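Reader: I have the sequence and the model open at my bench. Could you take me closely through one part of it, the packing between helices?

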Amino acid sequence: MRTAAAQHLPDHGEGIIATGIDPTSWAYAEDYTGEDEVVTGARASAEESGIAPIGPGSAAALSMLAAGVSAKAVVEIGTGTGVSGLALLRGMRTDGTLTTVDIDAENQRLARKTFLDAGVPSNRFRLIAGSGLDVVTRLTDGHYDLVFCDADRRENTAYLHEALRLLRPGGIVAFAGILAGGRVADPAHRDPDTTALRDLIRAVRDDDDLVSALLPTSQGLLTAAKRLA
C-alpha cells in the first residue's frame, strides 16, 4: 500500500528550508518509491511508542546505498521499530546480515516483528539491546560495508569515529535527521543538539578520507564514503 504524498509534507515550511524546492515537489520526491503495509505498520508502532523514524525518502536512500555497495555486513545504531532496518535489509545482499543496536528492548521486539512480517529470515538480522557506544566499540575493525546512525545527536561525532574504524575502504556511513527541521541551517539556533549536528557536518566535510554529501531527504541524510586506499 502506497502512502499519500501529502502526509509527508513538512511543518513550518521545512521542505523549502531543507530542499530549496516547493513543498509539492518535495512531497512527490519523498513518496517516489512508496511504502508497503509492513512499513506503514512499523510507522504506526513508532508513533504509538513516541519514536520518530526516518522518512520515506531517507528510507529509499538507505536501500539504494546498501545496494550500491553490495552490502553484506551493516551496522545500525538506533533500531526503533524497524523502519530503517528493513530499508537497509531490502537493499543488502540476500546473504547479508544487519546488526542493529538499541537501548530499548521493546523497540527491538517491535523491529523483530517488522522484519519477520516482511519475510526477512531471522538469520539475516542480529538485535543487540544496549548502549550504542558500548556495543559498537566491541565490533570488528574494517568488517562492515555500511554504518547507519539514528541515535543520540550529541554522540554522533563519537559514532563517526567508531564508524570509520568499522568500515572497509569504500564503505558508507550515514546519519539521519541531520537538518533538524531547518534548525541546522538557521544560525539563530544554538541549542546543544543543533550545535552537535553542525559539529558532525563539519567533521565529515573536513575529513579528507571521506567523500560526502548532505541529502535533503526527509529530515536530511548525511552520507559519506570512505575513500579506497
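Author: Happily! In this predicted model, α3 and α6 run roughly antiparallel to each other, a label given to angles over 145 degrees. The axes of α3 (residues 37–49) and α6 (residues 105–117) cross at roughly 170° and come within 9 Å; axes are lines fitted to C-alpha atoms over the stretch in contact, with angles running from 0 to 180 degrees between N-to-C directions. Helices here are DSSP runs (H or I) of at least four residues, numbered from the N terminus.

Look next at the side facing α6: Val38, Ala42, Ser45 and Ser49 of α3 meet Leu110, Thr114 and Asp117, where contact means heavy atoms within 4.5 Å. By class, this contact has three nonpolar, three polar and one charged residues. Nonpolar covers Ala, Val, Leu, Ile, Met, Phe, Trp, Tyr, Cys and Pro; charged covers Asp, Glu, Lys and Arg; the others, Gly among them, are polar.

Now turn to α5 (residues 83–91), whose axis comes within 9 Å of that of α3 and crosses it at roughly 155°. That makes α3 roughly antiparallel to α5. Here Val38, Val39, Ala42 and Arg43 of α3 meet Val83, Leu86 and Arg90 of α5. This contact has five nonpolar, no polar and two charged residues.

As for the ground rules, residues are numbered from 1 along each chain as its sequence is written. Local features need pLDDT of at least 70, side-chain atom pairs count only at pLDDT 80 or more, totals for chains, interfaces and linings use all residues, and side-chain values use heavy atoms, leaving out hydrogens and water.

Conventions: Helix = DSSP H or I, 4+ residues; strand = E, 2+ residues; numbered from the N terminus. Parallel < 35°, antiparallel > 145°, perpendicular 65-115°, else oblique.
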